[in-house]
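Student: Could you take me through this structure by questions, with the reasoning laid out before each result?

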Amino acid sequence: MNYRTLGKTNLKISELSLGTWQVGGKWGSGFDDAHAEKIIHSAIDSGVNFIDTADVYENGMSEAAVGRVVRSRKENVYVATKCGRQINPHVDAGYTPKALRKFVEDSLKNTGLERLDLIQLHCPPTDTYYRPEIFGLFDDLKKEGKIANLGVSVEKVEEGIKAMQYDNVTTVQIIFNLFRQRPAELFFREAEKNNVGVIVRVPLASGLLTGKFDKNTSFEAEDHRNFNRDGEAFDKGETFSGVDYEKGIEAVNELKQLFPDTDNLAPIALQWILQYPEVSTIIPGASKEEHLMSNLSALDRKKLTQAQIKKMNGIYKEYIKADVHQRW
């Protein structure tokens, strides 16, 4: 495992870490505690020391599983969680210091931790980024010893750049992958200038970049890849990174031509992200232990050549860029 500095937190964290949205099983399957704990233990055994969760992942069961495993280990494993998505309706007016304080305190109880290494606002509405009192609350929570650092998870580049204007924002979690390249422009430059850690989420475009899907692949009714392709439930950009599914399959088929001897594109897609030094860590999810090991195998592969990267970027420009680049 390689380790990178998480911005102004100065934490040294694994460049491939673990996201736990579906760690208890595949989307829509319910939550299996033993299954989740096995994956988390395996990640730590492999050198992962940063785990991302959220209070809304399976109604807190993911958060609790992370806490149980981390408390049982001797290694120093950093826990990042998120708050805000419990607000219903999820609108700016629902964001109050009182509500957010309760979410943080509930996460502490749920994880069983004395302090959260990183608490992140969970994709708040754009208007919330213009309310200093919301960000100021977390200075109070830090003084009280309940959190160590504040970050944000964002939908749009503009939100990430705005968040960096608050001195206490140490990290920004953002969607970035071969099919969502815009963050590599101004956002990465601003993050570097402000010493803000970049946590990359949805690195495989909801599995599209694994190369395991085709136009006939079906998804369970409770899987967001089935019901949220047009943004019916939440931001469309969360599902397949906002890419039209059939067009995405065409682009992936082109990628397969670039790597004809590879039946699993996931490690290659992760390698593409790791070429950027501005990235602090990637948090791919894993609903099976084999998914975790597939992701970690990116560290053992021969580095991508500049010629390969150029061709990969060419596929993005031909198939994807016009539809997604300026939207997020």
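The questions and answers below go from helix packing to backbone details, cysteines and one histidine.

Tutor: This is a predicted model, in which local features need pLDDT of at least 70 and side-chain atom pairs count only at pLDDT 80 or more, while totals for chains, interfaces and linings use all residues. Residues are numbered from 1 along each chain as its sequence is written, and side-chain values use heavy atoms, with hydrogens and water left out.

Student: Is the packing of α3 to α4 roughly parallel or oblique?

Tutor: Helices here are DSSP runs (H or I, at least four residues) and strands likewise (E, at least two), numbered from the N terminus. Helix α3, residues 97–111, packs at about 40° to helix α4, residues 132–143, with the axes 10 Å apart; axes are lines fitted to C-alpha atoms, for helices over the stretch in contact, and angles run from 0 to 180 degrees between N-to-C directions. Angles under 35 degrees count as roughly parallel, over 145 as roughly antiparallel, 65 to 115 as roughly perpendicular and the rest as oblique. The angle therefore makes α3, relative to α4, oblique.

Student: Which residues of α3 meet α4?

Tutor: Contact means heavy atoms within 4.5 Å. On the α4 side the partners are Glu133, Ile134, Leu137, Phe138, Asp140 and Leu141. The residues of α3 that meet them are Pro97, Leu100, Arg101 and Val104.

Student: Is α1 roughly parallel or oblique to α10?

Tutor: The axes of helix α1 (residues 33–45) and helix α10 (residues 289–296) come within 9 Å and cross at roughly 25°. The contact is formed by Lys38, Ile39, Ser42 and Ala43 from α1, together with Glu289, Leu292 and Met293 from α10. Because of the crossing angle, α1 and α10 count as roughly parallel.

Student: Which residues does a cis peptide bond join?

Tutor: Most residues other than glycine have a negative phi, and most peptide bonds are trans. The cis bond has an omega of about 5°, and its proline, Pro89, is found in the loop between β5 (78–83) and α3. The residues joined by this bond are Asn88 and Pro89.

Student: Ser241 has a positive phi although it is not a glycine, so is Ser241 buried or exposed?

Tutor: The phi of Ser241 is about 55°, and the residue lies in the loop between α7 (224–227) and α8 (245–258). Buried means under 20% relative accessible area, exposed over 50%, and partly exposed in between, with a 1.4 Å probe and protein chains only. At 0% relative accessibility, Ser241 is therefore buried.

Student: Is Asn10 buried or exposed?

Tutor: Asn10 also is not a glycine and has a positive phi, of about 65°. It sits in the loop between β1 (3–5) and β2 (12–14). With 56% relative accessibility, Asn10 counts as exposed.

Student: Why is Cys123 not bonded to Cys83?

Tutor: A disulfide is a pair of cysteine sulfur atoms within 2.5 Å, and by this rule the count is zero. The closest cysteine sulfur to that of Cys123 is in Cys83, and it is too far for a bond, at a distance of 12 Å.

Student: With which side chain does the side chain of His325 make a polar contact?

Tutor: His325 lies in the segment after α11 (306–324), and at 5% relative accessibility it counts as buried. A polar contact is a pair of N or O atoms within 3.5 Å; within protein, one must be able to donate a hydrogen and the other to accept it, and residues adjacent in sequence count only if both atoms are side-chain atoms. At 2.6 Å, the partner of the His325 side chain is that of Tyr316.
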